[in-house]
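Here are a few notes to read alongside the structure. Take the points one at a time, and find each residue in the viewer as you go.

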Amino acid sequence: MSFINQIKMVQKLSQFGDIIENVKDMKDSKSALIKIFDYLNSLFNPRISCVYEYLYKENKFKILFNSRTSFWDDKENIKNFMYRPSNEWAIGKCFSEKSSILIKSPISASKEKKYYPFSDEIRTEILIPILINNNVQYIIILSLDYRLIFGNKLKEYSHTITQTLSLIFQLVRENELNKNKLDYFSKVTSFNVTTIENYLVELYNYFQSIIPIKIITLYIYNSYDNTLVLRNYHPRAMDNKKISSKDFDFLVLKCSESLSGLAIKEKSPLVFTDIQQNNEFQNKRLINTFKLDWFISVPIIAPNRECFGVINIFPECLNSQFDNSLLELFQISTSFLAVMVKLNNVLETEKFLFTYDKIFQYLVENEESKEIWNNLCELIIKQMHCEACSIFMKNKKGNISLVGTTGIEGNPSYDIVEYLPSEGLTGTAFIQNEPIIYYSDVQNDVHKIHKRKYREKLHSAGYSKSLIFIQIVDHNKNNIGVIRCNNKYNDENFLSSRFTGIDIYKFNLLAQFISNILIKTNWIKNSIKHIERSFNCLHHELLSPIDGILIHIEWLKNRFNKIDNIISKSVTMNNVDLHELLKGEIINKKVEDMFQSGKLIDVLVSTMGKLEDEVQLNLEKISIVNLLYTCRSFMTNELKRKKMDITIEHLGFPKTLADPNQLMRVFYNVLRNSIKYIDEKEKQNYITIKGKQDHNYLYLIVEDNGIGLDPNDISKAFIQLYRGSNARKVFPQGSGLGLAFCKKIIESHGGEIKFTKINKPTILEITLPK
Amino acid sequence: MKKVFFIDDESDSEKFLSRYELMQEEGIDIIYTNKLKEAFSILEDKKDTIGLIILDIIMPTEDRYSEDDTNGGTTTGLKLLHEIRNNGINIPVIILSIKRKNSLTIDMNKLNVIKYIEKPIETSFLVNVIKEHYNDDNN
């Protein structure tokens, strides 16, 4: 470059503003960098120029982009200059001093130290670093084929350039980052995520737009024993090496002893640096294998401060390059996650609880069977992702015995089918007051919980990594059973080897649900038993007095007969001649009535639906007409009082096979109804009995002009205990058993009874087979 | 004639005493109890003099049996009968109860129950049944 041109250049250089103007509206840092590079190229007109980027992992510089000169067309050149170590003379000096370097005689410098200029034609070399957070991120190398006249002044200038460019670059990058943050945030809040594990992958993908990440791990918090369980990590391979469970020293971390636990305690993200030296960082194998030296622990906290776990992020960049404002972003993302998970859990739980409904319906309606309990166990293991499930219920001895199980593959059922209370872990769990009891790492010495009590034989429960016991309680909160779920250790699938806090939350809901259902089913079963018992007692109560009355009458009769034989004069009591009373037909009739009442009660009770036996009929060939006349004679007094009569028309019925006593009862009932339910507005109340017959049946038609039935009551008139609205008005204390009883008797005879007209007049038709 | 042993929770009631009087006048010798425990002690002492047991089914459990075992006290008599038989006492039994026969399953032969009579029942009928049994026995 000629002298004059150099002066022009210097003049241009003083116009800082140009650079800033060029670059300030750049949306992303890469374009800004290119713009800066182009600008400098246009100013200095170098023979060769390029931009090196610092790779902190390898601790060397790599060419990011270069100028379009013939030098770089040569593949050999690209190969030679692609990488530069960060400790070599020019670049190394620039890197360590964090300031621009001006090499005035590159060729002579190269003979003395390890310095490789691009070519022999180079007369001046300028190295301009761009710093981010005070660390060299890029170095712009301008190799000039002329000598700079204003070399010293230029040095001062280039310092300022460095600072300015770094600042500009930083600002542009911040803009870029902010935009990414907003982008990221909008994406994260619109995730459609159903499980916490899937969320991790999404999170990893979106994080990359802001800050490149090496690996991200997810631990779920278990509040029961204050541990963190590794549940997922992403990606599954790093640096061409597969990551497996063996790369983790600890799949379960104790909160009190781990760095992640600290983050949970603080309930905010924490940054941990120099983890390779830090003894509190436990998974040393992982960080040594993959050369990780710092991480961010972000706890997953719901807005109500409930903690679900932590997400540990191992970024690719240097800690010093990390923008701390990102921490807030991560925190909010995870709290979003927490809320989503909670909601999804509730939905999921509701869904699976609904499927249990069917099983329990069956339990209520049918006798308990081993099959139902086994089915329930199967359902539980599918829903709760456990390996095996068994249900134990309290038996008569006060111990708990196995009612249902899924067993473990290769083993049809557990060896131990009955536990004493407080025997083994199962027995102990049964007598506790807590609804859920959780034993973790039952194989491992790390937790040593109740290991001494763990006597379940190895080949049945030896698979277990963790056990959960869920209490089943009755309505008095007494323990009536326990459900045991096992999670077994499986090397392939270590991620599900322990129950986590979320699982336990689900189990809690399940426990409540099961207890409620069992309470209901037990209550129903007990109620049914109780109903049976009460019914039997009712029967007993009804018959007992009859028994007593009978005996007393017998005794009285016996005594007075004997007295009568000795003393001839009459004995009165309350002006009644006992002799007449006891000796006459009346007492015999009464005794017989007592018997009939006993049978009546049997029939009544059976109409109430409990005793399903048929009514015992003593069939005789009888005259229905005579029966009707006798029945009418029992009601003479009442008919006289109500000034009405029963007209029995000529029936012409042949003798029929029927039970006279029971039929008598039916007629008595029907006629008494007609008398009871008269319509007082009528001038004359009447009851008429007519008859007709065909080849097979006799039809008795009873007609009256009483108050009749309400149309709504027709279908229910013969149902036991049902009382029609009209009847209730006139005779509110009725039992509602009369017509039901009649129906039972008539139907036992093979006949039918129904109303053919409900009002004005009321007509009841009784059909009997011939 | 051997005695007839009534086991019924109402055995000492007025109505039962009336019945016993009538029966005794027909020549039937009666002993009775209304307590389960006493039933056993009487059977032990006097088993050689007892020829027939008349047993009710519905009786209080008196803490001897559980509510569950006796359906709330409605099958106490049966439980008692099983226990009597298990103790080797094979005196024939007539069940006299309000409880309807078809609401129970009883192995009449195995338990040596010669008749199941449903209350209420006329005393004269009962007397005839007892006399018939003793006649059969003698024959």
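1. Let's begin in chain B, just past its helix 1. The residue to look for is B:Gly27, which follows that helix and has a positive phi, near 95°. Please keep in mind throughout that this is a predicted model.

2. Now step back into helix 1 of chain B itself, which covers residues 14–25. Does its length fit its number of residues, or not? Twelve residues at 1.5 Å each should span 16 Å, and the end C-alpha atoms are 17 Å apart, so the two agree. Several residues of this helix are buried: B:Lys15, B:Phe16, B:Ser18, B:Arg19, B:Tyr20, B:Leu22 and B:Met23.

3. Chain B as a whole is a good one for practising your reading of secondary structure. It has four helices and five strands, and their order along the sequence is β-α-β-α-β-α-β-β-α. Of its 139 residues, 52% count as buried.

4. How confident is the prediction? For chain B the average pLDDT is 87, and 99% of the residues score at least 70. The model has an ipTM of 0.80 and a pTM of 0.49.

5. Next, please look at strand 13 of chain A, residues 294–301, where eight of the eight residues are buried. In a regular strand, side chains alternate between the two faces of the sheet. Here A:Trp294, A:Ile296, A:Val298 and A:Ile300 sit on one side, with A:Phe295, A:Ser297, A:Pro299 and A:Ile301 on the other, and both faces are covered.

6. Which strands pair with strand 13 of chain A? One is strand 12 (residues 270–273), in the antiparallel sense over four bridges; here A:Thr273 stands opposite A:Trp294. Another is strand 14 (residues 307–315), also antiparallel, over six bridges, with A:Ile311 as the bridge partner of A:Val298. In the hairpin of strands 13 and 14, five residues lie between the strands, and A:Arg305 takes a positive phi near 75°.

7. On to charged pairs: the structure holds 15 salt bridges over all chains. In one of them, A:Lys760 meets A:Asp679 at 2.9 Å, N to O. A:Lys760 lies in the loop between strands 28 and 29 of chain A, and A:Asp679 in the loop between helix 21 and strand 26, so the pair ties together parts that are 81 residues apart in sequence. A:Lys760 is partly exposed, with a relative accessible area of 42%, whereas A:Asp679 is buried at 12%.

8. For a pair within one helix, try A:Glu747 and A:Lys743, whose side chains meet in a salt bridge at 3.6 Å, N to O. Both lie in helix 23 of chain A, four residues apart, about one turn of the helix. Each is partly exposed: A:Glu747 at 43% relative accessibility and A:Lys743 at 29%.

9. Chain B has a salt bridge to find too: B:Lys119 with B:Asp56, the closest N and O atoms being 4.0 Å apart. B:Lys119 is in the loop between strand 5 and helix 4, and B:Asp56 in the loop between strand 3 and helix 3, so the pair ties together parts 63 residues apart in sequence. Both residues are buried.

10. Finally, visit the surface of chain A. A:Phe3, A:Ile4, A:Ile7 and A:Ile149 form a nonpolar patch there, with about 370 Å² of accessible area together. A:Ile4 belongs to helix 1 of chain A and is exposed, with a relative accessible area of 56%.

Definitions and conventions. Residues are numbered from 1 along each chain as its sequence is written. Chains are lettered from A and ligands numbered from 1 in the order in which they are written. This is a predicted model: local features need pLDDT of at least 70, side-chain atom pairs count only at pLDDT 80 or more; totals for chains, interfaces and linings use all residues. Side-chain values use heavy atoms; hydrogens and water are left out. Patches are made of residues with over 30% relative accessible area and no salt bridge: like charges are joined within 9 Å, nonpolar side chains (Val, Leu, Ile, Met, Phe, Trp, Tyr) within 5 Å. Accessible areas come from the Shrake-Rupley method with a 1.4 Å probe; for residues, only the protein chains shown count as cover. Helices (H or I, at least four residues) and strands (E, at least two) are DSSP runs, numbered from the N terminus. Buried means under 20% relative accessible area, exposed over 50%, partly exposed in between (1.4 Å probe, protein chains only). The expected span of a helix is 1.5 Å times one less than its number of residues. Two strands pair if DSSP finds at least two bridges between them. pLDDT is the predictor's confidence in each residue, from 0 to 100.
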